[in-house]
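Here are a few exercises to work through with the model open beside you. Try each task before reading its solution.

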Protein chains: 2
Amino acid sequence: MTSTEWLSAEEMSAWRKFVAVVELLPGTLDAQLQRDADLSHFEYFVMAMLSETPGHSLRMTQLSIETDTTLPRLSHLVARLEKRGYVTRTPCVEDRRATNATLTTSGWEKVMAAAPGHVGAVRHNVIDPLDARDVADLDRIMGRMLGRLEPGGRVGAPR
Amino acid sequence: MTSTEWLSAEEMSAWRKFVAVVELLPGTLDAQLQRDADLSHFEYFVMAMLSETPGHSLRMTQLSIETDTTLPRLSHLVARLEKRGYVTRTPCVEDRRATNATLTTSGWEKVMAAAPGHVGAVRHNVIDPLDARDVADLDRIMGRMLGRLEPGGRVGAPR
DNA sequence: CTCTTTTAGTTGTAGCGTCAAGTAATTCAG
DNA sequence: CTGAATTACTTGACGCTACAACTAAAAGAG
């Protein structure tokens, strides 16, 4: 019953700024990658995840978990990346329902080429304005939010 | 040349979590509002902005600034809200290029009805897991990021 | 005044994401 | 060992957003 109280002034101020950042950041990162590497941020992110695994390969489900997205979204995206020659999809031998997405040489080169510019954008927009204490605080705070956002997805308004 | 250095372990950890939150939060807020009020988060946000002004009315450009979005996006959205009877668009008398978006009674009632559930979702996912110090830190950190994200939009990868 | 430039907003198109439905393989129940 | 349920993904349709092009009004230059 008390759950529908409005936010305090301090909470409101932080929330307003946070929403603005969440609204602005994706477009900013997208714009840099789109312009310099012809990739969306999410395309880059997916390929970067693959590039960090041994064999540059992951099952779709595992990849969807690591990139915090839905399977349909990933499936569409990987289909497009495949069309562009950056990944291949191969049925898994152990479980023939499963699909392995694998980075091609061309895809690996693409990520490597895009990485410096992307890191630059992340540094410029996110990391640079922060000092060491800010970074530690950000890490702690985002960890706490993830505790709510990641698990069951029971978003439920407490009514 | 030194600007393309990768992130330190601490920076990387914070960045990873932050990206995950930025990826997950919009969908979470959208889902609650969509389910309980048949509104997207952005639709709610725009109407909430209008509801806070005297006269429940703002020029399109001003509204686009306060909601951190582009004019085309806002124009499309307001057109849809108008079709649903939540806002009206009226040419401005002083400057006939300009358009005033005004919340209707029905629109105002809609926001009021949706607010508690939305605040509940924000509390649950963002504010509740934080203590007072976290909130102050979040406010400070997001303010610093906004300093980069808001102004010129010169995202430029420092190359 | 007239012509150019800038400002304010709208509209069309193309691409991405979500939701619902469908397919196919595997596991589990009896 | 057969049928039902679950898992792993794919596909199609629809809605929203970005980008570019367009219209119209106001401001500025000469």
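**Exercise 1. Helix against helix**

Task: Find the angle at which α6(A) and α5(B) pack, and decide whether the pair is parallel, antiparallel, perpendicular or oblique.

Solution: Keep in mind that this is a predicted model.
- Step 1: Helix α6 of chain A, residues 132-149, packs on α5(B) at an angle of about 125 degrees, and the two axes are 7 Å apart.
- Step 2: Roughly perpendicular covers 65 to 115 degrees, and roughly antiparallel begins over 145.
- Step 3: α6(A) is therefore oblique to α5(B).
- Step 4: On the α6(A) side, the contact is made by A:Met145, A:Arg148 and A:Leu149, and α5(B) brings B:His124, B:Asn125 and B:Val126.
- Step 5: Sorted by class, the residues of this contact are three nonpolar, two polar and one charged.

**Exercise 2. Relating the two chains**

Task: Work out which rotation superposes chain B on chain A, and which residue of chain B comes closest to the axis.

Solution: Start with the operation, then look along its axis.
- Step 1: Chain B falls on chain A after a rotation of 180 degrees with 0.0 Å of shift along the axis, at an RMSD of 0.0 Å.
- Step 2: This is the relation of a two-fold axis.
- Step 3: Both copies use the same surface, since 100% of the contact residues of chain B recur in chain A.
- Step 4: Within chain B, the C-alpha of B:Val22 comes closest to the rotation axis, at 2.9 Å.

**Exercise 3. The interface**

Task: Say how many residues meet between the chains, and which element of chain B gives the largest share.

Solution: Count first, then assign.
- Step 1: Chain B has 54 residues in contact with 54 residues of chain A.
- Step 2: The elements of chain B that give two or more residues to this side are α1 (9-37), α5 (105-127) and α6 (132-149).
- Step 3: α1(B) gives the largest share, 18 residues.
- Step 4: By class, this side of chain B has 31 nonpolar, eleven polar and twelve charged residues.

**Exercise 4. Around the DNA**

Task: Identify the residues that come nearest to DNA strand D and to DNA strand C.

Solution: Take one strand at a time.
- Step 1: Of 25 residues around strand D, the nearest are A:Met60, A:Thr61, A:Pro72, A:Ser75 and B:Arg73.
- Step 2: Two or more residues each come from α1, α3 and α4 of chain A and from α4 of chain B.
- Step 3: Around strand C there are 25 residues, with A:Arg73, B:Met60, B:Thr61, B:Pro72 and B:Ser75 nearest.
- Step 4: Here α4 of chain A and α1, α3 and α4 of chain B each supply at least two residues.

How values were computed
Residues are numbered from 1 along each chain as its sequence is written. Chains are lettered from A and ligands numbered from 1 in the order in which they are written. This is a predicted model: local features need pLDDT of at least 70, side-chain atom pairs count only at pLDDT 80 or more; totals for chains, interfaces and linings use all residues. Copies are superposed by least squares on the C-alpha atoms of residues with pLDDT of at least 70 in both. Two residues are in contact if their C-beta atoms, placed from the backbone, lie within 7 Å. Helices (H or I, at least four residues) and strands (E, at least two) are DSSP runs, numbered from the N terminus. Ala, Val, Leu, Ile, Met, Phe, Trp, Tyr, Cys and Pro count as nonpolar, Asp, Glu, Lys and Arg as charged, and the others, Gly among them, as polar. A residue is near a molecule or strand if its C-beta atom, placed from the backbone, lies within 6 Å of it. Axes are lines fitted to C-alpha atoms, for helices over the stretch in contact, and angles run from 0 to 180 degrees between N-to-C directions. Angles under 35 degrees count as roughly parallel, over 145 as roughly antiparallel, 65 to 115 as roughly perpendicular and the rest as oblique.
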